[in-house]
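Reader: Hi! I have a structure open and would like to talk through its interfaces and domains. Could you help me?

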Amino acid sequence: MNNSDDQKPAIEVEDLHFAYGEKEVLRNINLKIRHREVTAFIGPSGCGKSTLLHAFNRLSDLVPGARIKSGCVRVLGKDISEPDVDTTQLRKKVGMVFQKYNPFPKSIYENVAFGIRVDANRRGRSELDGIVERSLRRAALWDEVKDRLDTSAFGLSGGQQQRLCIARAIANGPKILLMDEPCAALDPLSTLRIEQLITELKVDYTIVIVTHNMNQATRVSDRTAFLYMGDLVEYDETMKIFQRPREERTRAYISGLFS
Amino acid sequence: MDSGKQRRFAKRGKGFLGLTRADAIRYFFGGNASLAIFILLLICVFLFKEAAGFLPGHHAGLTKWRRSGQEFVDILNVAVDGHTRLGSALNIGYFAELNATSKAEQQQLFSYRAVLQRVKGTVRGPAGRLKKLLKEFTEAGEKLAEAEQDLAGADLDPARQASLRAALPGYRAVIAEVEPRIAMLEERIAEGVAEALAGDEVWEGQNLVADDREAVAEAICDQFEAAEQKHPWVAGLEDFVREKKAERTPQLAGFKEAVTAFRNAIRPVKDLISPLREAASELKQQAIAAESAPKRKAALLAGAEATNDLAERARKLAAAEAVVVAAPPYDEVAEGFYAETAAFEAVVADLRKEIDAAVEALPATGELADPSARENLERFRNSLADYRESLDRAVARAKDWRHDEPYPQVKSFLVFLIGKEWITNSSWHDFYGLMPLFTGSLLISMIALVVSVPFALGAAIYVNQMASRREQNLIKPAIEFIQAIPSVVLGFFGIMVLGTLLRDVSQVSWLAWVPGFPLQERLNILNAGLLLAFMAVPTIFTLCEDALNNVPQAYASGALALGATRMQTILRIIVPTALSGIIAAVLLGFGRIIGETMVVLLVAGGKIQIPDFSKGIGVVGEAAHTMTGIIAQETGEVDRGSLHWRALFMVGLVLFSISLAVNWGAQIILRRFQRHGT
Amino acid sequence: MSDQEDRTGNPFAAPSRHADRRASRERLLAVLFRLLTYAILACAMGIFLGVVIRGAPVIFQAQAPFINTDFFTQLPETLVVYEDAQGEVRKLSATRFEEMRSANPDRQFSIVDSYSYSGGGILGPLVGTALLIAICMVISLSVGIAAAIYLNEYSSKGRFMAAVRLAILNLAGVPSIVFGLFGLGLFCLAAPNLVPVDEIADRSIFSFAIPFTSAAISFEGWGACMLAGGCTLAIMILPVIITAAEESLRAVPHGFREASLALGATRWQTIRKSVLPYAFPGMLTASILGITRVAGETAPIMFTAAVAHKDKLPWIGDDPEASWIGRLLEFFFQSVQALPYHIYTVAAKIPQSDYNRDMQYGSVFVFMALVFFFAALSIWLRARIRRKLHW
């Protein structure tokens with residue numbers, strides 16, 4: 001990682017208008033996400049926070065009719081809608097963790113190794129072993145699963161499966177991790193583990209997390225963006241958002257007037 | 001609370017047999033639902049009922065086969081059968097060598113004759129009529145000439161003269177009427193011949209270069225114009241061939257002698273067997289007669305009882321008296337068979353010696369000029385050891401054979417299940433062996449699966465994962481249409497179009513390397529397999545597509561988010577996840593194919609024989625018969641309740657079991673592997 | 001990777017030649033899948049066109065009424081190939097030939113050849129197939145819908161239900177020829193039949209006389225007849241109908257039932273008033289798809305109903321004096337011609353020549369047209385229902 005990289009924001013969104021078919025779901029978004037910080041997106045259901053997140057690794061391409069109407073998203077300084085962007089490379093550098101943990105119906109080892117195996121550059125077995133171990137350690141899962149790497153990933157608990165998904169994303173060597181409500185399907189204890197993990201991971205990774213849970217946002221994030229009905233209402237340091245929101249709507253939302 | 005209020009919530013309408021109306025409705029619907037189980041049981045019951053007598057009957061038949069000595073004859077006959085096969089290889093080899101120097105010419109002659117036959121076939125109608133007219137014409141001409149001659153003669157009584165004179169115009173009229181018609185027919189035939197020769201149909205299967213083809217066509221045209229004399233081209237060829245053969249015969253005298261010696265060596269064995277064969281056959285007839293004797297006797301006696309006509313009664317009583325009820329003389333005849341065992345051993349020993357001598361005298365393979373001759377001789381030499389072994393076995397089995405040893409029940413069942421012969425309506429013995437039918441069914445199904453799975457799976461992947469909405473809306477109904485095509489229509493298509501197409505394609509010279517090409521038959525395993533593959537595509541496609549559709553979207557987005565390409569996601573995540581469903585789809589497709597009737601009945605070729613697997617993949621060019629086909633073909637034609645009829649129901653039972661097993665297997669696979677992804 | 005990034009300033013550039021090769025391999029694979037798909041459609045098109053090209057000229061003609069009416073109004077009969085006085089070879093179906101010969105007694109014709117079942121039309125087989133389908137649909141729809149109602153509305157999960165579902169699944173996989181054997185065993189040889197006491201067949205499994213009449217019930221089967229064929233087909237198609245009917249019942253939202261039950265209606269009233277009316281269109285659509293399958297089957301009717309030759313239509317009785325009961329019995333207990341069996345006959349059971357071709361391709365064309373019509377109808381109706389019903 002060199003310094004010139006760090007001076008540019010990790011993700012930069014400029015005047016983004018995003019639509020599904022004719023329906024505009026994001027309007028005029030401007031946002032800069034800094035390196036090695038945790039940024040939380042909060043907002044009521046359907047406000048567009050997930051859409052925004054999916055626009056960062058162009059997973060939104062999968063939805064028929066989804067398109068950027070105007071503006072652009074720059075990741076690591078590169079406009080990702082340009083034709084010379086290879087989406088597979090983009091998605092390797094911008095990892096993603098989903099709301100519902102979704103390990104593949106394969107062994108634990110194969111789950112972590114998947115990203116490497118589909119890479120165009122082949123790697124040797126020992127190198128692969130090293131990457132799998134490092135990733136699992138980084139996701140704080142190694143000690144729990146090291147003896148049963150060849151068993152099915154479905155044998156793990158929900159929290160473990162979600163951490164496996166994080167390990168899977170880390171194995172690709174990403175710069176940025178997108179997390180789409182990673183704890184929504186987990187019990188409080190597992191949630192805590194994940195939150196700890198996020199704090200540990202931000203040393204190395206830029207993390208963007210979508211959450212419904214405002215306590216979670218205060219616990220893990222450095223900055224928070226509040227979206228409402230497709231608009232970015234407020235984006236600032238988490239402390240400021242939760243203690244001295246500038247906008248009335250933000251205040252109403254965080255005090256639980258609507259959700 | 002008071003009882004009135006309680007009653008208000010009680011069920012109303014106690015009706016028939018203490019059932020409430022609601023209950024009755026419920027049971028009515030439940031009854032209909034349980035009908036499915038009931039029908040399944042009924043199918044079992046009725047298949048078993050009709051097949052019930054098969055095993056005892058089959059066992060009884062085999063017992064008769066053994067006791068009457070037919071088994072003994074069949075054991076001895078192994079020596080003859082093997083010898084015949086070897087002898088024919090030798091013979092083919094000899095003639096190939098003999099013809100080696102005039103091969104091309106013979107091929108031309110052969111093509112000429114074959115095409116001539118076909119052309120004759122196309123103008124058979126007019127030719128027949130022409131023949132008739134010519135006969136009329138010559139007859140009339142002769143009569144006319146005769147009458148004129150008589151009239152020209154001197155002394156003729158006036159009455160005769162007058163009648164002759166009166167007849168003359170009639171003859172002339174016939175001639176006048178027939179003559180133009182003859183001319184017309186001749187013209188028509190010439191036209192027909194030209195037309196047939198111009199088309200491709202009569203040339204089918206003849207490998208002729210353009211020049212030869214022209215020569216053949218010309219010779220055929222001439223043949224039709226002047227039937228009496230041979231076309232010089234043909235005559236020339238024939239002379240050439242004759243000459244070459246004459247030239248070659250003395251050179252190959254040694255070869256020929258060896259072949260003849262080999263072929264004659266079997267005579268004593270045949271001579272030994274043929275009286276035994278007759279004895280066994282007669283004994284079996286007696287056994288069959290004896291079996292029904294008590295019944296016939298009783299019927300005659302009853303008939304005699306019933307009639308009032310005294311003469312009739314006496315006749316019937318006498319007939320009843322004449323019916324032999326006694327058991328046939330098994331032991332007596334068997335003694336005769338035992339006595340021949342030593343003689344058999346002796347003739348086989350002689351046979352060996354003579355064969356050895358003949359093999360000594362054969363030319364070495366390397367000396368032969370013709371590749372086909374070399375090949376046949378090689379085959380002969382390779383199978384010789386097997387034949388010698390089979391002779392040993394035959395002698396040993398003949399010695400061990402005991403006519404009164406009971407035939408094991410299990411063995412009679414095995415003879416059905418893995419027997420290699422299905423021979424019915426035979427004057428010797430009917431064999432009901434499932435193997436020829438089972439292998440036919442299996443082979444055809446396998447071909448169908450091998451062909452259809454890539455197509456169906458590929459299409460399912462394409463439609464489910466890659467196609468646009470519009471394409472999906474086009475392809476899915478189209479495939480449903482395929483499912484709607486009736487199987488008899490596909491069978492018809494196989495006969496009319498696909499068979500000819502396949503054969504033509506197989507005769508293209510640059511495809512000769514494909515195993516099994518060129519195809520000899522139009523109706524064969526490959527043809528049936530391809531049609532069934534087409535039939536299986538909708539089933540497999542639909543089920544595969546379902547299976548792919550059931551893969552949770554989360555897997556796909558997970559894989560894509562990890563930087564996998566679309567194709568990697570499909571091949572490494574979606575397809576493996578859906579694999580259990582896909583396997584189940586293939587299994588169910590297999591069940592559908594193996595149970596399919598009309599296509600195989602129409603297209604498989606109907607040859608009841610285990611296909612010759614020694615050809616490798618080329619086996620697909622053979623004709624075969626199947627389990628479903630045999631039921632469809634024979635059930636309508638056999639006597640109800642006969643052993644043959646029961647055998648057919650047994651085949652049905654086997655099919656039924658296979659279909660249940662396949663279904664059950666598919667269920668298990670689906671259940672075992674479908675725990676993931678809720 | 002990172003050196004590439006520096007060079008191009010694009011952190012997400014495709015990394016290497018490896019990737020290029022992989023991309024082209026994947027593109028090739030996609031093309032392959034697409035080819036496989038369209039190859040299937042091409043085969044279907046080939047068969048379809050083959051039948052149309054050879055069959056349409058038999059059915060349609062250039063002059064009014066543009067359709068070969070003889071083909072639809074005559075029974076199959078022998079085709080006579082003859083040569084007329086001019087030496088022209090012509091062909092005519094047997095009755096037409098006789099008519100012409102009696103009309104022109106002085107002209108000379110010589111018969112060249114004759115082919116059974118290759119002349120006339122296909123009225124008999126058409127009517128027979130229609131009747132078989134009608135019987136089959138009446139039986140299978142009533143039983144199938146009732147069974148589906150039970151499975152979807154009444155049943156609770158349990159062993160019995162599991163057994164029923166397993167039975168339905170297995171029944172769906174049984175080969176059609178086995179259904180044919182079963183129909184032969186049950187309906188043709190063992191079903192109860194009403195016969196005069198003195199005419200009980202030897203094969204009767206069990207029989208008893210009905211008191212005070214000269215009739216007896218004998219379990220001797222019905223012989224090969226329309227009813228046996230219809231029943232066999234009905235049993236064969238039952239799993240399809242049950243599954244489809246159940247699907248349409250399941251498509252009716254639960255709220256409908258709960259609302260009705262909450263208003264105090266009984267279960268049966270609920271089903272009749274609030275469920276069946278909404279499920280019915282779907283069931284009917286599915287049953288049309290069933291028709292196409294049944295109509296195409298040959299194996300189950302080979303021994304249970306179909307015959308190659310019949311010289312009259314089913315409703316023309318032998319005995320004009322018969323009572324209506326007698327006529328009705330005669331109607332249902334007679335064998336019929338059927339289109340698929342007719343095609344089997346003309347395609348495989350008679351000597352082949354060019355003179356058969358018209359009958360063969362004509363029948364196949366009509367058959368395909370009918371089957372496709374019903375298939376298209378059901379697909380269209382299904383699409384319509386799916387579009388219309390959004391609860």
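Reader: How many salt bridges does the rule find across the interface of chain B and chain C?

Author: The rule finds two there, where a salt bridge is a side-chain nitrogen of Lys or Arg within 4 Å of a carboxyl oxygen of Asp or Glu. One pairs B:Glu480 with C:Arg382, and their closest N and O atoms are 2.8 Å apart. A word on ground rules: this is a predicted model, in which local features need pLDDT of at least 70 and side-chain atom pairs count only at pLDDT 80 or more, while totals for chains, interfaces and linings use all residues. Residues are numbered from 1 along each chain as its sequence is written, chains are lettered from A and ligands numbered from 1 in the order in which they are written, and side-chain values use heavy atoms, with hydrogens and water left out.

Reader: Thanks! Which part of chain B gives the most to the side that touches chain C?

Author: That is helix α2 (residues 21-51) of chain B, with 20 residues. Helices here are DSSP runs (H or I, at least four residues) and strands are too (E, at least two), numbered from the N terminus.

Reader: And what is that side made of, by class?

Author: The side of chain B that touches chain C has 56 nonpolar, 17 polar and 11 charged residues. Ala, Val, Leu, Ile, Met, Phe, Trp, Tyr, Cys and Pro count as nonpolar, Asp, Glu, Lys and Arg as charged, and the others, Gly among them, as polar.

Reader: How many residues are in contact, and what area is buried between the two chains?

Author: In contact, meaning heavy atoms within 4.5 Å, are 84 residues of chain B and 82 residues of chain C. The buried area is about 7,200 Å², with carbon and sulfur atoms giving 77%. B:Phe29, B:Phe481 and B:Phe492 supply 9% of the area that chain B buries against chain C, more than any other three residues. Buried area is the accessible area (1.4 Å probe) that two parts lose on being put together, summed over both.

Reader: Switching to chain C, what domains does it have?

Author: The assignment gives domain 1 (3-59), domain 2 (76-120) and domain 3 (123-388); such bounds come from an automatic or database domain assignment.

Reader: How far apart are domain 2 and domain 3 of chain C, and what do they bury between them?

Author: Their C-alpha centres lie 40 Å apart. The contact takes 11 residues from domain 2 of chain C and 15 residues from domain 3 of chain C. Together they bury about 1,000 Å², 63% of it on carbon and sulfur atoms. C:Pro76, C:Tyr115 and C:Tyr117 supply 59% of what domain 2 of chain C buries against domain 3 of chain C, more than any other three residues.

Reader: Which residues form a salt bridge there?

Author: C:Lys91 and C:Asp358 do, with the closest N and O atoms 3.2 Å apart. The count between these two domains is one. On the domain 2 side, β1 (76-83), β2 (89-93) and β3 (110-120) of chain C each give two or more residues, and β3(C) has the largest share, six residues.

Reader: Back to chain B: how is it divided?

Author: Chain B has domain 1 (3-52), domain 2 (77-276 + 326-410) and domain 3 (435-677). The C-alpha centres of domain 1 of chain B and domain 2 of chain B are separated by 72 Å.

Reader: Last one, chain A. Where do A:Glu133 and A:Arg137 lie?

Author: Both lie in helix α5 (residues 125-138) of chain A, four residues apart, about one turn of the helix. Their side chains meet in a salt bridge (2.7 Å, N to O). Over all chains, the structure holds 46 salt bridges.
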